[in-house]
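Reader: I should be grateful for a close look at a single residue of this protein, followed by an account of the whole in which that residue sits. Please treat the matter in one connected answer.

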Amino acid sequence: MCGITGYIGTREAWPILIEGLRRLEYRGYDSAGAALVNNGSLSVYKAKGKVADLESAAADKDRSGTAGIAHTRWATHGEPNTANAHPHLSPSGRLAIVHNGIIENYATIKSRLRQEGYEFKSTTDTEVLVYLIEYLMQKHGKGLLEAVQSALAEVVGAYAIALADRDDPDMLIAARKSSPLVIGIGDGEFYIASDVSPIAGCTDKVVYMEDGEIAIMRRGEPLKIVDLKNVECRHEVRPVPENIGLAGKDGFAHFMLKEIHEQPDCIIDCMRGRVDGPLGTVRLSAVTENKERLSAARRFVIVACGTSWHAGLIGKQYIETFCHVPVEVAYASEFRYSNPVIDSSDVVIAISQSGETADTLAAIELAKSKGAFIYGICNVVGSSIARATDTGSYIHVGPEIGVASTKAFTGQVAVLLLLALNLAEAMGTMKPETYHATVKALMEIPDKMREVLKSDKVIAGLSRTFTYAHNFIYLGRGFSYPVALEGALKLKEISYIHAEGYPAAEMKHGPIALIDAEMPVVFIATKNAMYEKVLSNVQEIKARKGRVLAVVTAGDKVVSSIADDVLEVPETLECLEPLIVSIPLQLLAYHIAVCKGKDVDRPRNLAKSVTVE
Ligand code: M6R
């Protein structure tokens, strides 16, 4: 995680760096810092807490300088405090570094440098790297670039770094391996950032750095990129993708609430140009362009993490039901170490909102090395995963700022549905009438989502009655089981209440022992093929005095007469229910967290983009 910004040019760097950090704060927010190069000195400011705390800490200090680097941190090595905040200085104070990633062999290097007499001021892996660079300059007579190349060749792990040199104020250096980094090219100026958002609005030219590349940004000279062996790398200058910038809350109390309410429009954007309403058909360009490869797949393997993994569980049901091809869903973090049996007959679907999740990227690289074809489903345009895949479809839900994923989840489910429908039609595995009926029903989803969103205030009121709870159980079956998992994840992420999701029928095999009058159990009990079975499960909970909150189909009388509380959703096809049932669960988690006074958009210990293993 962590967010990096940098600037060198003719303008004052501080406001550019701070604005950039604000846009990257979703990546981490336990401490922040900046280093400004000015008149042969490096001014370093740091603060524990958020970017606003850094601004306050530096408010009465000299913040002048036309070059600098800055960082917002999500701690990996060392607790979040000022000493561990970036930038870190080299022993002489000549170099300042900011880093996103993990140097895995930092302990070995640190003990070697200690034997050379170096003393460290922080407990971070990053400080070890800048010490190593200066050590190579001082003890081995290397120039800065050469020392950076040697140091990066020695370190094991992931990094995106930016470096400033007090003795060379006209240059910044940046490098990447497995952590994202983007360079913006302006008129006589350069920007460095972990993603495009700080650069949007400053320049429309960006270069996405590739693994193993080092960028040298010297005032008045063109961008130069070399590799660790100093061979010059060609780089492509691309336009900044549209719709990037600092999203506002548009009058909502939190980004999360705004993003929950955006979902009807997101689904429309997601379908735009892909779904032909009058014909009742779906066309994804990635499927059109790779029809033979995708139709020939002997198996699909979905790799993802967190919420994206939950979307993958729903995608499995779509592809298996509509296309009759087996699908496996793997946690990307487990896949990469599980010696997966995979070959060129497999298609791997990688799902990631950010497109930067380190575990998912590593899973893609492994699958690629075994010859699999990779289909990406991402939100962030131009992200590392989007670029690493063979083909793919964006979910087009716009920037998601709230750390708890909401609109990206429904966007991912919608794209997985479009993919399965398009493929099923191409493969002839779905009855035409079922295919057209599903497309038509999908087109009604945005209006049905709007209907569900009207219960926001009711859910807010209900949420107040749940703040006592220390545990929650979420139950669902079939398509609703992954929705139950997702509902539980939302609650624990932002309210810090322990919550578990289970397939409803699995309850009696153990978890039912937890049920008493204190235990809230959220049931997804909509009118579908599983309804009667779920009804029995509801009765089993009520018989043990559990407190049941049921999400039911509008007009339901049976579950409503047994449950303690109900939330109604409009009727739709069973396979489309995840798109609307997830909304009351998102709102429930949101309002419970608000009632408990939690920082909903920036929950403790989390970050939006998990770029470490
Ligand atoms: O950006 P990704 O979709 O790859 O992120 C995966 C998970 O880190 C993410 O879904 C996480 O679980 C969210 N905080 C869920 O709200």
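Author: S384 is buried in this predicted model, because its relative accessible area is 7% and the term applies to values under 20%. The residue belongs to helix α13, which covers residues 384-388. Once the neighbours within four places in sequence are set aside, the contacts of S384 are with R176, P180, G355, E356 and L361.

From this residue one may turn to the protein as a whole. Its 613 residues include 60% that count as buried, and S384, at 7%, is buried as well. Helix α13 holds S384, and the protein has 21 helices together with 26 strands.

The contacts of the chain can be described in a similar way. Where two residues in contact lie at least 6 apart in sequence, 71% of such contacts join residues at least 24 apart.

As to overall dimensions, the C-alpha trace extends over about 80 × 55 × 45 Å along its principal axes. The radius of gyration is 26 Å, which agrees with a compact globule, because a globule of 613 residues would have a value near 25 Å.

The surface and the charges complete the account. About 22800 Å² of the protein is accessible surface, and carbon and sulfur atoms contribute 50% of that area. The protein carries 65 positive and 75 negative charges, and the mean positions of these two sets are 2 Å apart.

Methods. Residues are numbered from 1 along each chain as its sequence is written. This is a predicted model: local features need pLDDT of at least 70, side-chain atom pairs count only at pLDDT 80 or more; totals for chains, interfaces and linings use all residues. Side-chain values use heavy atoms; hydrogens and water are left out. Helices (H or I, at least four residues) and strands (E, at least two) are DSSP runs, numbered from the N terminus. The radius of gyration is taken over C-alpha atoms; the globule rule is 2.2 Å times the number of residues to the power 0.38. Buried means under 20% relative accessible area, exposed over 50%, partly exposed in between (1.4 Å probe, protein chains only). Contact means heavy atoms within 4.5 Å. Accessible areas come from the Shrake-Rupley method with a 1.4 Å probe; for residues, only the protein chains shown count as cover. Lys and Arg count as positive and Asp and Glu as negative; His and the chain ends are not counted. The place of a charge is taken as NZ of Lys, CZ of Arg, CG of Asp or CD of Glu.
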